[in-house]
Each structure stands twice: as structure tokens, then as C-alpha cells.
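Me: Please take a close look at one part of this predicted model, the region around its aromatic side chains, and set that part in the context of the fold.

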Amino acid sequence: NEYAGKVVAVKEYGAFVSIGAPSDGLVHISEVADEYVEDINAIVSVGQDVTCRLLSFDSDTKKIQLSMRSPREEGADAAEASYEDD
């Protein structure tokens, strides 16, 4: 499922995004873009509208983990790794 959200805070380890839930979700720096991100501030900024996918929700801690990466078919990473070994 995809959610429209707004970046409410940016830290060196990720961005916090409001998606209308009681708590903001975290998009870890590794989930901000499909490629390696050295400086998260070059990708997102506070107030930016973004589209996120839900990775996980912990009902005990109310922590939401989100991703802004493109959805990938299951097994795509293994297929790429196999291809790179050739």
C-alpha cells in the first residue's frame, strides 16, 4: 500500500514522514532512494510531499517504518546478484 505523506523532520539517519497516523513514520536513509544516498538532505527536505510504502508497524511501540524506494518483485535482488556474478 502506498501513502501520501509530508516530510516533517530530516536527520542524518532518515526522514520522519507524517502519513496521517497518530505517530510519524521513519524512512531510513537506505529506504529513501533506489540508489546509495550519501547526503539525505540532497534527496528530501522538511515540508516535501512524498509517496511512501509501509514496511512495518509495531503496535507496542507505535513505530512505523516506511520506504520511498521503488517496489521490487520478490527475488529481484537474488536475480541481480546472480547476474553480476557471471
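Reply: Two strands are taken to pair if DSSP finds at least two bridges between them, and on that footing five strands of this predicted model close into a barrel in the order β1-β2-β3-β5-β4, with mixed pairing. From one strand to the next the twist averages 50°. Along the sequence the pattern reads β-β-β-β-β-α, so that one helix accompanies the five strands.

Within the barrel, strand β2 covers residues 14-18 and pairs with strand β3, residues 25-28, in the antiparallel sense over four bridges; in this pairing Val-17 stands opposite Gly-25 in β3.

As for the aromatic side chains, the count comes to one aromatic pair, formed by Tyr-13 and Phe-16. A pair of aromatic rings is described by the distance of the centres and the angle of the planes. Here the centres lie 6.2 Å apart, and the planes stand at 90° to each other; the arrangement is edge-to-face because the angle between the planes is over 60 degrees. Tyr-13 has a relative accessible area of 40% and is therefore partly exposed, while Phe-16, with a relative accessible area of 23%, is likewise partly exposed, because buried would require a value under 20%.

For the wider setting, 24% of the 86 residues of the protein count as buried, and its accessible surface comes to about 6100 Å², of which carbon and sulfur atoms hold 47%. Among contacts between residues at least 6 apart in sequence, 49% join residues at least 24 apart.

Methods. Residues are numbered from 1 along each chain as its sequence is written. This is a predicted model: local features need pLDDT of at least 70, side-chain atom pairs count only at pLDDT 80 or more; totals for chains, interfaces and linings use all residues. Side-chain values use heavy atoms; hydrogens and water are left out. Helices (H or I, at least four residues) and strands (E, at least two) are DSSP runs, numbered from the N terminus. Buried means under 20% relative accessible area, exposed over 50%, partly exposed in between (1.4 Å probe, protein chains only). Contact means heavy atoms within 4.5 Å. Accessible areas come from the Shrake-Rupley method with a 1.4 Å probe; for residues, only the protein chains shown count as cover. Axes are lines fitted to C-alpha atoms, for helices over the stretch in contact, and angles run from 0 to 180 degrees between N-to-C directions. Rings of Phe, Tyr and Trp (its six-membered ring) pair if their centres lie within 6.5 Å; planes under 30 degrees apart count as stacked, over 60 as edge-to-face and the rest as tilted.
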